[in-house]
Amino acid sequence: MEIFNIINFDLIPLTLRLAVPIALAAIGGTLSERSGIINIGLEGMMLTGAFGAVYGSFLTGSPWLGVMFACFVGLIVGSIHAVLTIKYKANQVVTGVGINILAMGFTTTMIKVIWGKEGMSGEVKNLSDISIPILKEIPIIDWLFTDQSPLTYFMLIVVILSWYILFKTNLGLNLRAIGDHPRAARISGINVTKYRYICVMLSGLLAGLGGAFLSLVQNSLFVQNMTAGRGYMALAANIFGGWNPLGSFVASLIFSFAQAIRFNMIGYNIPDQFIQSLPYILTLAVLVGAGRKTRAPEALGEINE
Amino acid sequence: MKLKDIIGGISRSESVKDIYISLFSILLALIIGALLIFLIGSSPLQAFTVMLDGAFGSISNIANTLSKTIPLIFTGLAVAVAFRCGLFNIGAEGQLYLGAFFSVLTALKFSFLPAFLLLPVAILGGIISGMIWGGIPGFFKAQFGTHEVVVTVMMNYIGINITSYLVNYPFKAEGWVAQTDIIPNAANLPKLIPKTQLSAGLIVAIIAALAVYFLLWKTDFGYEIRAVGENPTTAESGGINIKKNISLAMAISGGLAALAGVTQSLGVYERFIDGFSPGYGFTGIAVAVLGRNHPLGVILTALLFGALETGALKMDRVTEISNDLVIVIQGLVILFVAAPEIIRSILKRRESQ
């Protein structure tokens, strides 16, 4: 049966792996949007992060420093979005799109400057996978501890931690209040502006880290526009997930499953263009399905209170 | 309708200060671009001189610049119309691919039509496909409340893949290249200057800009679109059907974007080529934002970006700077226009000194 060749057990680890960059950026999106700031710029933050990771690894020879560098540049791009939308009250959607275009132009220009090549960087040292002794002997879940990227574990920690903070602590209570009723939050003494800056900057950091996973774990180089819409998928995952880190994670798994299944469909005479479109079609279907069910933070996009 | 009315329209709707903001945004973006060139280790002066020469240095360079301007006018208008209705159409890229493909397909399949009919029918075929592709996200937004930004982005990837499939399999011409057969002569947009790329698409673009102006500011339908864009709640209580306007504005936007692909295919390549667009749809966002979503602003900005992109191609050949630097400048322009407070605070500081 061909269907069993397409759907098989190997898809599970692959799905988790491909979910990492989307989930990291999606949780970034959740944080930013819970504070009231729409973040279309996730795509650009991810792309700059992917570039920064490769450049960092190229400069220092250490992929870990590359990852740190990715977080740093993500933070910088996040700060640009934060300053423009919070301090200068810029249109959040326009700013996000501007950031994406800027990131696209900047990274492509810098490929040529640094490596003298068109479209892709040179190979750099990538971040190797790890296996955890003892745990990797456990049957059934052994794959979770065999040949996984350290960043995958980090992503899982981020998912749980951000969910815990958002729904089980005062910090999270404040943040949710800001997203729904910023004026009331301000009156009750919460420093709304400070929360917003931190959240938008963190979203840049997380998206940048997601980018690092693309360039240093799934690849060992930077390719022009290598995020290919994953930042937007992350935003969709955040919406489908109901602005909840756990929901975002599950939605990311759905999208990455569509990416994973592509690999198994190669060689079945299915046109490549259809296989390529699958994650995007699924994202679309999920968004339309989620449209009426989920509730956005009430004051999302309206920060001029 | 006279040019005076259009200019009058601008000065009524936008204060003069707002146009300063656009001009200062360009200046600031160019300065940062120059700084980047300097940091890379090249001479900004040389780079800009080469660009200027590449864009306007000869009749054929000017023709190329104008030719590059055509698709940007269409995508700029597309984004502007959606924006006036409060919608953000990032899907112009996918819409123009469908428009390009289906105008070519119409030209190939309807080649039996009398010569004078073939060109308009082919153009119409392209527009309709773009209106459908643009109308879908509008419909989704109206019916399900989905965010049009994410939907149009996803539809870009899907649309580009659909045309790529069609041109790689069922409609592929003989040979190695993923392209269709050449269209009949009667479906070609005539060249305005022989032996250059400049086609009558420029005239179509200017007509489209006039039509958009007329639609938005001289008809009830246009008034409704702008009312929804300015304040949906007020518009609804005034009896305006928001859902209808959102769907239609996106469909019109998609049709305009499609024309960018149509004029490229029928005017420049005379066939559909896989992956022909260098991102006209995305540049259209910058064109609309900088042009303040006004047809005249769109034409002027498209000309500026057409010149930048044509000039950048020469800069890419002659200097070691990549032509992608132009994308950096476009991104910066968008950010500055989005945050007019930056420019205002700079101007204020100047005044107080």
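A residue counts as buried if 20 or more other C-beta atoms lie within 10 Å of its own. The exercises below use this cut-off on a predicted model.

**Exercise 1.** Decide whether Trp243(A) and Arg292(B) are buried or exposed, and state where each residue lies.

Solution.
- Step 1: Trp243(A) has 22 other C-beta atoms within 10 Å, so Trp243(A) is buried.
- Step 2: Arg292(B) has 20 C-beta neighbours inside 10 Å and therefore also counts as buried.
- Step 3: Trp243(A) belongs to the loop between α10 and α11 (245–265) of chain A. Arg292(B) sits in the loop between α12 (280–290) and α13 (295–318) of chain B.
- Step 4: Most residues other than glycine have a negative phi. Trp243(A), not a glycine, has a positive phi of about 55 degrees, and the phi of Arg292(B) is near 55 degrees.

**Exercise 2.** Describe the fold of chain A: which elements does it have, and how compact is it?

Solution.
- Step 1: Chain A contains 12 helices and 0 strands.
- Step 2: The radius of gyration of chain A is 19 Å, close to the 19 Å from the globule rule for 305 residues, so chain A is as compact as a globular protein of that length.
- Step 3: The C-alpha trace of chain A spans about 60 × 45 × 45 Å along its principal axes.
- Step 4: Of the 305 residues in chain A, 52% are buried.
- Step 5: Among contacts in chain A with a separation of 6 or more, 78% join residues 24 or more positions apart.

**Exercise 3.** Find which helices of chain A help to form the side that touches chain B.

Solution.
- Step 1: The contact involves 38 residues of chain A and 37 residues of chain B.
- Step 2: On the chain A side, α5 (92–115), α10 (230–240) and α12 (272–290) each supply at least two residues.
- Step 3: The largest share, 14 residues, comes from α5(A).
- Step 4: By class, this side of chain A has 23 nonpolar, 12 polar and 3 charged residues.

**Exercise 4.** Work out how α2(A) runs relative to α9(A), and how α4(B) runs relative to α11(B).

Solution.
- Step 1: The axes of α2 (residues 11–34) and α9 (residues 192–217) of chain A come within 8 Å and cross at roughly 170 degrees.
- Step 2: Angles over 145 degrees count as roughly antiparallel, so α2(A) is roughly antiparallel to α9(A).
- Step 3: Residues making this contact include Leu24(A) and Gly28(A) of α2(A) and Leu206(A) and Gly210(A) of α9(A). By class, the contact has 14 nonpolar, 7 polar and 1 charged residues.
- Step 4: In chain B, α4 (residues 59–84) and α11 pack at an angle of about 170 degrees, with their axes 7 Å apart. That makes α4(B) roughly antiparallel to α11(B).
- Step 5: Phe74(B) and Ala78(B) in α4(B) are among the residues that meet α11(B), where Leu256(B) and Ala260(B) take part. This contact has 15 nonpolar, 5 polar and no charged residues.

**Exercise 5.** Check the spans of α11(B) and α14(B), and decide how enclosed these helices are.

Solution.
- Step 1: Helix α11(B) (residues 242–269) has 28 residues and reaches 40 Å from its first C-alpha to its last, close to the 40 Å expected at 1.5 Å a residue.
- Step 2: In α11(B), 24 of the 28 residues are buried, so α11(B) is largely enclosed by the rest of the structure.
- Step 3: Just after α11(B), Glu270(B) has a positive phi of about 60 degrees.
- Step 4: The 14 residues of α14(B) (residues 325–338) should span 20 Å, and the end C-alpha atoms are 20 Å apart, which agrees.
- Step 5: In α14(B), 14 of the 14 residues are buried, so α14(B) is largely enclosed by the rest of the structure.

Key. Residues numbered from 1 in each chain as written. Chains lettered and ligands numbered in written order. Predicted model: local features only at pLDDT ≥ 70, side-chain atom pairs only at ≥ 80, totals over all residues. Helix = DSSP H or I, 4+ residues; strand = E, 2+ residues; numbered from the N terminus. Expected span 1.5 Å × (residues − 1). Buried ≥ 20, exposed ≤ 12 C-beta atoms within 10 Å, placed from the backbone. Rg over C-alpha atoms; globule rule 2.2 N^0.38 Å. Contact = placed C-beta atoms within 7 Å. Nonpolar A, V, L, I, M, F, W, Y, C, P; charged D, E, K, R; others polar. Axes fitted to C-alpha atoms, helices over the stretch in contact; angles between N-to-C directions. Parallel < 35°, antiparallel > 145°, perpendicular 65-115°, else oblique.
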